[in-house]
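Dear colleague,

I am passing on a structure that you have not worked with before, and below it I have set out what was found in it. Please read the notes with the structure open beside you.

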Amino acid sequence: MCGKWIKPKRRTQIVLRDDGVCVYCGGLGESLDHVVARERGGDNRSSNLVTACFKCNSRKGDMPTIVWLRKLSDESGEPLDEISRRVRRHRDRRLPQLDD
């Protein structure tokens with residue numbers, strides 16, 4: 001599950017920050033997603049990475065974040081502003097400190 005583009009410790013910190021759940025649907029957080037896709041200028045900073053399930057991560061692909069969140073809102077019935085706040089809340093949390 002760990003790619004060469006991110007160190008295992010940092011991946012663990014992001015998963016812990018996000019409580020191990022997909023920030024989009026609440027399912028099991030099995031992967032990391034770039035909120036702003038790298039193809040769209042996103043980077044590998046922790047503030048641009050969230051925990052996502054495989055399904056949400058693959059469905060989102062490189063689509064713009066707002067388009068993806070609107071799609072989720074339409075499909076789930078959850079208000080767009082609530083989904084947006086949840087994603088932002090996770091991104092804005094500090095990464096937990098881990099002992100080496």
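**Asp19 and the end of helix 1**

At a relative accessibility of 53%, Asp19 counts as exposed, because the cut-off for that word is over 50%. Please keep in mind that everything here comes from a predicted model. Asp19 is found in the loop that runs between helix 1 and strand 1, and it follows helix 1 with a positive phi, near 60°. Most residues other than glycine have a negative phi. Asp19, although it is not a glycine, has a positive phi of about 60°.

**Helix 1 and its buried residues**

Helix 1 covers residues 8–17, and Gln13 lies in it. The buried residues of this helix are Arg11, Gln13, Ile14, Val15 and Arg17, and what covers them includes strand 1, strand 2 (49–52) and helix 4. For Gln13 the relative accessibility is 10%, and it therefore counts as buried, the limit being under 20%. If its neighbours within four places in sequence are left aside, Gln13 is in contact with Leu95, Pro96, Gln97 and Leu98.

**Leu28 and the cysteines**

Leu28 lies, like Asp19, in the loop between helix 1 and strand 1. With a relative accessibility of 59%, Leu28 counts as exposed, and yet it touches Gly20, Cys22, Ala52 and Cys53, not counting residues up to four places away in sequence. Leu28 and Phe54 are 26 residues apart along the chain, while their C-alpha atoms are separated by 8.7 Å.

How many disulfides does a search of the whole structure find? The search finds 0 disulfides. Cys25 is in none, and the nearest cysteine sulfur to its own, that of Cys22, is 3.7 Å away; a disulfide would need the two sulfur atoms within 2.5 Å, so this pair does not qualify. Cys56 is likewise in no disulfide, with the nearest cysteine sulfur, that of Cys53, 3.6 Å away. As for exposure, Cys25 counts as partly exposed at 47% relative accessibility, whereas Cys56, at 4%, counts as buried.

**Helix 3 against helix 4**

Two packed helices are described by the angle between their axes and the distance between the axes. Helix 3 (residues 65–76) and helix 4 (residues 80–92) pack at an angle of about 125°, and their axes are 9 Å apart. The two helices are therefore oblique to each other, since the angle falls between the 115 degrees that bounds roughly perpendicular and the 145 degrees above which a pair counts as roughly antiparallel. The crossing in which helix 3 passes helix 4 is right-handed.

On the side of helix 3 the contact is made by Ile66, Leu69, Arg70, Leu72, Ser73 and Ser76, and on the side of helix 4 by Leu80, Ile83, Ser84 and Val87. These residues divide into 6 nonpolar, 3 polar and 1 charged.

Asp74 also has its place in helix 3, and with a relative accessible area of 67% it is exposed. Asp74 and Glu39 are 35 residues apart in sequence, and from C-alpha to C-alpha they are 25 Å apart in space.

With kind regards

Key
Residues numbered from 1 in each chain as written. Predicted model: local features only at pLDDT ≥ 70, side-chain atom pairs only at ≥ 80, totals over all residues. Heavy atoms only, no water. Buried < 20%, exposed > 50% of the residue type's maximum accessible area, 1.4 Å probe, protein only. Axes fitted to C-alpha atoms, helices over the stretch in contact; angles between N-to-C directions. Helix = DSSP H or I, 4+ residues; strand = E, 2+ residues; numbered from the N terminus. Parallel < 35°, antiparallel > 145°, perpendicular 65-115°, else oblique. Left-handed = near helix turned anticlockwise from the far one by under 90°. Contact = heavy atoms within 4.5 Å. Nonpolar A, V, L, I, M, F, W, Y, C, P; charged D, E, K, R; others polar.
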